[in-house]
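The following exercises ask the reader to work from coordinates to a description of packing. Each task is followed by a worked solution.

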Amino acid sequence: MSQYNQGIERTPEYVKFMKDLKEFHDKKGTVLQAEPVLGGKKLDLLRIYKTVMEAGGYEKVTLNRGWKQVGDPFNFPSTCTNSAYILKAVYTKYLLGWEEENHWKRPWNPPAELLATHQKPTASPMPLPPSNHSRQTGTAFSQPAVITNSQQPPAYHPQATFIDYEFRTRILLSLQSNLPNEVDWAFNTLIKFSFVSENFNLDFIPTLIDLLLNFTAPFFEREIDESANDNMTSKARQETYERVLQVFHIIRNFSFLEMNIRRLALHERLRNILMKGISLAPSSKYGELSRHCLDIMENIAPQVILTSRTDSYLTTMTQLLFSTDRAFILGAIRALTRVAVTEANERILCHADPKVIEHLAQLLLVDDEELEAATLEYLYQYSSLRGSFSTQLIEHYPGNLIGLLTGYLSYKSSLAPPSSTALGTIHGIPAAQMIHVEPVQQQPSIPDLTNYTNLDEPYRCLGWLKDQLTTGGAEDKIALNEIFGSYQKLFGTEKPLGIKEFYTVLKIAFPQPASVEEAFANGPKSLETVLCNVKYNPTRRKDGSICRWEGCEQSFDGKSDLHRHIVNDHLETANECKWMKCSKKGLEGKMNAIQHMRTHFAGKVSKQGNRPKTFTVSKMPVDDSEVSGIPLTSALLLRNLARHKQHHIYYLPYQSELILLAIQRPKVSKYILTVLEEINSNKR
């Protein structure tokens with residue numbers, strides 16, 4: 001499959017897509033930049049769109065912080081530290097409207113700043129008020145200041161709550177007034193405002209964070225006594241603590257807005273105070289405060305830049321992994337996962353801590369789906385980093401990680417049914433409960449494919465393909481309907497695989513380029529797909545379709561053609577049998593000759609004891625439901641670990657299970673096939 005960094009592949013599909021996208025933006029009155037540039041590379045909007053839609057759409061990718069994975073194929077330089085956020089901005093600007101109307105069939109009204117006629121604000125610090133003297137003139141928001149009844153906000157943006165400069169001034173003065181009533185008004189207003197506003201930018205009031213933190217100083221400057229004897233009986237101390245809770249409640253609400261994450265993450269004073277808050281025992285009377293601090297640390301994680309492996313953020317979150325409080329463990333895992341999204345932290349996080357790996361292995365054994373899902377997401381994110389983390393993970397994991405992940409591919413969520421909406425998850429927090437599997441006496445392995453006619457599907461198909469075909473060069477091509485027709489003729493009466501399952505097995509044996517897979521998946525006539533890099537094996541077995549009459553040796557596609565040839569060409573005038581070494585003479589008449597030939601084609605009863613032990617798949621059930629949570633994250637982690645050749649030995653006992661799962665769960669098959677291709681490439 002071609003990578004983005006190879007340049008834009010201007011296929012007919014790409015040209016048509018860009019033409020339609022341009023017409024869409026012209027119709028909406030917005031401007032399309034056809035080939036944006038990021039990190040010195042032109043961005044292929046079609047491939048970005050397809051990648052996002054494969055992951056469930058804009059909302060699902062955003063909900064699960066998946067924009068870094070969208071940009072992984074670009075191989076951006078290490079200096080491009082904010083590629084995930086820029087990719088999201090590009091998608092929002094040029095592709096989100098297309099997704100809303102063409103995929104979800106929802107009306108999309110572009111925000112004013114995307115319209116070609118939108119005027120940027122002037123340098124004047126105070127915008128001109130509208131003619132109705134409305135106070136809706138604030139500049140802290142990304143939406144237009146006035147929304148009429150005829151122009152509803154787009155579905156993906158909530159309606160803004162607008163404030164003006166007078167409101168900002170009163171908030172600042174009230175917080176600095178030392179007047180109890182004014183301070184109470186400011187805090188009550190900010191709590192409500194931070195809760196309902198979903199697009200307020202803290203840059204509009206840049207000193208707000210410091211003013212709020214000033215109210216926490218009396219609490220953190222004195223020695224905090226967490227003992228049971230300190231019951232905060234003093235009214236003043238109780239009021240101080242409640243004020244501190246209000247401060248972090250407000251900051252926590254603002255930290256959920258992506259536009260504020262960077263400002264909060266770079267605020268050194270805030271980070272130091274958050275560390276103190278997290279250090280408070282979750283079981284103490286300060287538990288609510290410590291949880292607020294942890295939520296903020298988790299939310300700002302994608303913009304935290306670590307300075308070293310002893311950075312206070314990293315060490316504090318790592319210590320929380322060993323907490324006995326479930327909420328703290330979950331928060332720490334998610335924070336550490338999100339801090340690894342930033343490319344600037346890759347150098348520091350690419351090495352595994354053996355103690356952390358052992359502890360995470362224990363968490364995967366806990367019967368807690370949410371905890372298991374978060375742990376797997378952590379391992380997937382860190383195994384995606386360049387470095388030795390994957391190798392050290394396998395080395396220090398105290399158990400059979402590959403076997404565990406293979407089992408996770410069959411999980412079904414017991415928390416909630418799979419979501420069919422855009423609000424589902426990619427590697428979502430909801431996990432799953434393993435489907436009950438009957439115990440197997442011996443560890444599964446791929447059977448000997450030599451006598452494939454005695455095997456169950458899909459091994460019979462796999463063995464036949466490996467016998468009939470071989471890897472060819474760029475000039476070697478075979479029509480899919482040709483090879484599938486031969487398979488159907490041979491096994492048509494013995495419950496053969498359908499075309500989709502057949503093509504899946506074929507890709508396992510002979511991986512196909514992206515253009516072929518796309519033609520098969522999207523083409524109106526998938527059977528007419530032309531396979532590449534494959535040719536017929538000159539030593540292939542003919543499976544009983546060769547005429548064994550003395551001096552003949554003709555080959556045929558199936559047994560019926562062979563039988564017709566014998567009757568018409570050899571038995572018309574024959575008075576003796578010349579089939580192989582038979583010397584039967586005195587065959588008087590054609591009917592007697594045919595009766596004798598039946599003895600050479602009598603059905604043979606196979607000895608059950610000689611059949612290789614394999615998985616018995618009686619019905620081949622297929623689960624075509626969407627895959628999310630634990631199964632998808634496990635598949636991605638298996639794919640990452642398989643990229644290292646030294647790990648392939650750990651996959652060998654599970655190849656048969658992976659082949660079956662690739663057929664039974666089509667939504668996760670592309671990741672499993674990548675794993676199998678990596679393993680098989682090491683053998684060639």
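The exercises proceed from the whole chain to helix pairs and then to single residues. The model is a predicted one.

**Exercise 1. Overall description**

Task: State how many helices and strands there are in the protein, and what share of its residues count as buried.

Solution: Begin with the secondary structure, which comprises 31 helices and eight strands. Next, consider burial: 47% of the 684 residues count as buried. Then turn to the surface, where the protein exposes about 34,800 Å², with carbon and sulfur atoms supplying 51% of that area. Finally, take the contacts between residues at least 6 apart in sequence; 70% of these join residues at least 24 apart.

**Exercise 2. The length and burial of helix H28**

Task: Determine what span should be expected for helix H28 (residues 630-642) at 1.5 Å a residue, and how many of its residues are buried.

Solution: The expected span is 1.5 Å times one less than the number of residues. For the 13 residues of H28 this gives 18 Å, and the end C-alpha atoms lie 18 Å apart, so expectation and model agree. As for burial, 13 of the 13 residues of H28 are buried, and the helix is therefore largely enclosed by the rest of the structure.

**Exercise 3. Helices H15 and H16**

Task: Describe the crossing of helix H15 (residues 312-320) with helix H16 (residues 326-339), and classify the residues that make the contact.

Solution: The geometry comes first: the two axes come within 8 Å and cross at roughly 145°. The crossing of H15 past H16 is left-handed. On the H15 side the contact is made by Tyr-313, Leu-314, Met-317, Thr-318 and Leu-320, and on the H16 side by Phe-328, Ile-329, Ala-332, Ala-335, Leu-336 and Val-339. Sorted by class, the residues of this contact comprise ten nonpolar, one polar and no charged.

**Exercise 4. Helices H18 and H19**

Task: Carry out the corresponding analysis for helix H18 (residues 354-363) and H19.

Solution: The axes of H18 and H19 come within 9 Å and cross at roughly 145°, and the crossing is left-handed. H18 contributes Val-356, Ile-357, Leu-360 and Leu-363, which meet Leu-371, Glu-372, Thr-375, Tyr-378 and Leu-379 of H19. By class, this contact has seven nonpolar, one polar and one charged residues. A general rule helps in reading such lists: an α-helix has 3.6 residues a turn, so residues three or four places apart point the same way.

**Exercise 5. Two residues of helix H19**

Task: Establish whether Thr-375 is buried or exposed, and which residues Leu-376 touches.

Solution: Thr-375 is found in H19 and counts as buried because its relative accessibility is 0%. Leaving aside residues up to four places away in sequence, Thr-375 touches Ile-333, Leu-360, Leu-363 and Leu-364. Leu-376 is found in helix H19 (residues 369-383) and counts as buried, with a relative accessibility of 0%. With the same exclusion, Leu-376 touches Leu-364, Leu-405, Tyr-408, Ile-630, Thr-633, Ser-634 and Leu-637. Leu-376 and Thr-337 are 39 residues apart in sequence, with their C-alpha atoms 9.9 Å apart.

**Exercise 6. Ile-499**

Task: Assign Ile-499 to an exposure class and list its contacts.

Solution: Ile-499 belongs to helix H24 (residues 499-509). Buried means under 20% and exposed over 50% relative accessible area; at 23%, Ile-499 therefore counts as partly exposed. Not counting residues up to four places away in sequence, Ile-499 touches Leu-480, Phe-484, Phe-520 and Leu-527. Of these, Leu-480 is 19 residues from Ile-499 in sequence and 9.4 Å away, C-alpha to C-alpha.

Terms used: Residues are numbered from 1 along each chain as its sequence is written. This is a predicted model: local features need pLDDT of at least 70, side-chain atom pairs count only at pLDDT 80 or more; totals for chains, interfaces and linings use all residues. Side-chain values use heavy atoms; hydrogens and water are left out. Helices (H or I, at least four residues) and strands (E, at least two) are DSSP runs, numbered from the N terminus. Buried means under 20% relative accessible area, exposed over 50%, partly exposed in between (1.4 Å probe, protein chains only). Contact means heavy atoms within 4.5 Å. Accessible areas come from the Shrake-Rupley method with a 1.4 Å probe; for residues, only the protein chains shown count as cover. Axes are lines fitted to C-alpha atoms, for helices over the stretch in contact, and angles run from 0 to 180 degrees between N-to-C directions. A crossing is left-handed if the near helix is turned anticlockwise from the far one by less than a right angle, and right-handed if clockwise. Ala, Val, Leu, Ile, Met, Phe, Trp, Tyr, Cys and Pro count as nonpolar, Asp, Glu, Lys and Arg as charged, and the others, Gly among them, as polar.
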